[in-house]
Amino acid sequence: MLCSSYLHLRLHHGNSHLPTSRDPKTDLLRSFNTPFELKQVHAHLIKNSVPLAFLPLTQVALVCALTPSFSYARRIFERVEKPDLFFWNSCLKAFSESDRPNDAVLLFYQLRQFDVFPNSFTLSFVLKACLHLLDVGNGRILHGYVEKLGFDSNLFLQNTIVHLYASSGEMADARLLFDKMSQRDVVTWNIMITQLIKREDIEGAYGLFLQMPERNLRSWTLMIAGYVQCGKPKEATNLFLEMEKVGLKPNEVTVVAVLAACADLGDLYLGRRIHKYSSRSGFGENVRVSNTLIDMYVKCGCLEDAQVVFNEMEERTVVSWSAMIQGLAMHGKAEEALRLFSEMMRAGVKPNWVTFLGLLHACSHMGLIDEGRNFFAGMTRDYDIVPRIEHYGCMVDLLSRAGLLQDAHEFIKNMPIRPNGVVWGALLGGCKVHKNIALAEEAIRHLSELDPFNDGYYVVLSNIYAQAERWEDTAKVRKLMRDRGVKKTPGWSSITVDGICHEFVAGDESHPQALEIFQRWGKLLEKMKLKGYVPNTSVVLLDMEETEKVKFLYRHSEKLALVFGLMNTAAGTPIHIRKNLRVCEDYHEAFKLISAIVNREIVVRDRNRFHCFKDGSCSCRDYW
């Protein structure tokens with residue numbers, strides 16, 4: 001009910017005595033929230049001969065829409081100068097932007113039932129509601145209205161319909177309408193590119209991108225981010241460089257996408273350049289930019305730079321803390337990772353599943369079994385975080401590294417979710433280190449079903465047999481790979497110097513500096529032998545003569561990349577190498593010696609982790 005003071009409101013005749021916007025009586029007039037209260041206000045206006053236009057007519061529409069008083073509101077609108085569609089459109093707009101967009105659709109049909117003729121604004125608001133609801137059925141009906149009423153040249157309406165079809169999964173209809181449109185703007189193209197990227201059709205998206213008559217910054221950013229999401233970071237950075245050539249300046253969203261690509265590639269040169277640009281452009285306070293910078297520096301092997309970015313952040317989210325904890329774990333600094341977690345707790349930041357993934361990685365790489373078990377149990381007990389398959393994989397890795405292979409096997413058998421290839425692969429890796437052939441064969445049985453074309457698992461089993469000198473079984477595994485069409489991934493190592501990435505494979509003689517590289521390696525090898533280096537030929541798991549194994553070792557791709565880096569970078573500067581496979585024992589020991597001989601820090605990112613060689617030691621307690 002309206003308050004008693006309102007019921008006794010006295011309004012004077014004549015416009016000069018009407019309440020103004022500052023008059024508290026005006027607020028009382030606007031306080032009706034039901035048709036009943038509206039009728040009370042209406043009665044007092046009539047009693048005091050005040051024009052109906054004095055009512056807030058949009059509120060009249062909102063109060064009466066979707067009620068039996070709809071016709072009552074229409075009679076009010078008939079007595080004012082503006083057409084009633086104006087007020088119903090305001091109502092549709094409010095509904096479409098509310099948390100009940102379906103009310104806009106219902107009101108549209110109510111308007112049609114009472115022969116209220118829609119205009120382009122009417123259709124735009126209802127289409128917006130359908131887009132929120134992903135209501136393609138009603139969207140098709142509205143599309144029909146657009147065509148019948150001659151609004152097919154309205155670009156905004158056409159774009160909204162394309163967006164609705166594409167977002168609802170009706171890409172064929174979206175593309176059909178897109179192709180039929182007599183005119184398109186950059187928004188039209190961006191809508192289609194966005195939806196194709198969401199469906200991981202990156203080639204289709206790029207095909208449209210190339211056809212665009214005009215591209216804006218959003219177009220470029222969409223494609224760059226799309227390539228990153230689809231696991232094509234090199235294409236992302238190449239496209240970014242093209243964008244720079246046409247004179248477009250990246251915004252914060254672009255910066256995040258390019259930094260993510262640099263992280264995946266290990267492209268420290270471009271990453272640092274983007275960091276400088278970001279600082280100049282005032283993006284330093286953007287938390288997403290800072291978080292991605294931490295991730296980039298961590299994955300490029302520059303832990304100290306990541307720490308600087310983290311320390312300079314005025315605002316840190318759980319993502320910031322988790323990225324730093326994971327970075328420390330990846331670089332073999334488990335104790336520092338655990339200390340940072342304690343600091344995070346003191347700061348009152350609640351951990352998430354990624355935080356615990358970093359903590360479990362830290363425990364795994366440093367052999368902290370009890371701590372790892374406590375963290376795993378505490379996820380659910382203390383934070384109601386349901387462990388994911390990644391956490392189970394970390395626990396199997398932790399137990400397997402420690403040689404607790406039977407415990408790891410029991411852990412797998414008792415998992416509440418089905419173990420995947422990563423879980424069984426972690427057990428297989430432990431079997432290789434601890435030479436457990438029986439469990440390795442058990443793991444490979446599951447892996448051959450879960451991930452039959454992953455060459456890495458077959459190679460590990462083959463290596464286990466080779467270490468035991470079971471050459472017949474080694475040959476059987478390699479034959480099985482051939483029969484199944486599984487090809488061994490060739491090993492490569494890369495190093496970026498002055499912004500140019502140089503990639504090497506074992507025994508690579510194609511590089512312009514190949515001869516010089518081999519000569520420099522020979523001189524370095526002499527110094528290594530004086531320091532006690534003896535080639536570990538046991539890692540060459542081929543049935544060949546010892547002298548041949550030694551030659552094979554000397555031309556590993558990572559050694560060629562290292563020598564190239566020593567030749568082409570300033571003395572004393574760190575060398576960063578990226579390797580697509582795991583490191584081996586020989587490589588691990590050799591690089592320890594080399595770091596001391598050349599007085600350089602050598603950071604290597606392999607398939608699993610980082611190895612930071614400095615002053616004759618490595619940040620990791622083992623090579624695995």
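**View 1. Helix 27 and helix 28 are roughly antiparallel to each other.** The angle between their axes is roughly 160°, so they fall in the antiparallel class (over 145 degrees; under 35 counts as roughly parallel, 65 to 115 as roughly perpendicular, and the rest as oblique). Here helix 27 covers residues 437-450, helix 28 covers residues 455-467, and the two axes come within 10 Å. An axis is a line fitted to C-alpha atoms, for helices over the stretch in contact, and angles run from 0 to 180 degrees between N-to-C directions. Helices themselves are DSSP runs (H or I, at least four residues; strands are E, at least two), numbered from the N terminus. The crossing of this pair is left-handed, meaning that the near helix is turned anticlockwise from the far one by less than a right angle (clockwise would be right-handed). On the helix 27 side, the residues to look for are I437, A440, E441, I444, L447 and S448, and they meet Y457, Y458, L461, I464 and Y465 of helix 28. Sorted by class, this contact has 9 nonpolar, 1 polar and 1 charged residues. Contact means heavy atoms within 4.5 Å. For the classes, Ala, Val, Leu, Ile, Met, Phe, Trp, Tyr, Cys and Pro count as nonpolar, Asp, Glu, Lys and Arg as charged, and the others, Gly among them, as polar.

A note on what you are looking at: this is a predicted model, where local features need pLDDT of at least 70 and side-chain atom pairs count only at pLDDT 80 or more, while totals for chains, interfaces and linings use all residues. Residues are numbered from 1 along each chain as its sequence is written, and side-chain values use heavy atoms, with hydrogens and water left out.

**View 2. Helix 18 packs against helix 20, with the axes crossing at roughly 5°.** Two packed helices are described by the angle between their axes and the distance between the axes. For helix 18 (residues 287-299) and helix 20 (residues 318-330), the axes come within 9 Å, and the pair is roughly parallel. From helix 18, V287, N291, I294 and V298 meet V319, S320, A323, M324, G327 and M330 of helix 20. That set splits into 7 nonpolar, 3 polar and no charged residues.

**View 3. Helix 32 meets helix 33.** Helix 32 (residues 557-568) and helix 33 (residues 585-597) have axes that come within 11 Å and cross at roughly 20°. That makes helix 32 roughly parallel to helix 33, and their crossing is right-handed. Look for E558, K559 and L562 in helix 32, which meet D586, Y587, F591 and I594 in helix 33. By class, this contact has 4 nonpolar, no polar and 3 charged residues.

**View 4. N159 is a buried residue in helix 10.** Helix 10 runs over residues 155-167. N159 counts as buried because its relative accessibility is 7% (buried is under 20% relative accessible area, exposed over 50%, partly exposed in between; 1.4 Å probe, protein chains only). The N159 side chain makes a polar contact with the side chain of D185, at 3.2 Å. A polar contact is a pair of N or O atoms within 3.5 Å; within protein, one must be able to donate a hydrogen and the other to accept it, and residues adjacent in sequence count only if both atoms are side-chain atoms. Not counting residues up to four places away in sequence, N159 touches M181, D185, V187, T188 and I191.

**View 5. D267 is buried in the loop between helix 16 and helix 17.** The flanking helices are 252-265 and 268-280, and D267 has a relative accessible area of 13%. Its side chain reaches the backbone nitrogen of Y269 at 3.4 Å. Leaving aside neighbours within four places in sequence, D267 is in contact with C262, C300 and T496.

**View 6. L134 and K435 are loop residues with positive phi.** L134, in the loop between helix 8 (120-133) and helix 9 (136-148), has phi near 50°, a positive value in a residue other than glycine. L134 is partly exposed, at 46% relative accessible area. K435 has phi near 55° and lies in the loop between helix 26 (421-434) and helix 27. At 57% relative accessibility, K435 counts as exposed.
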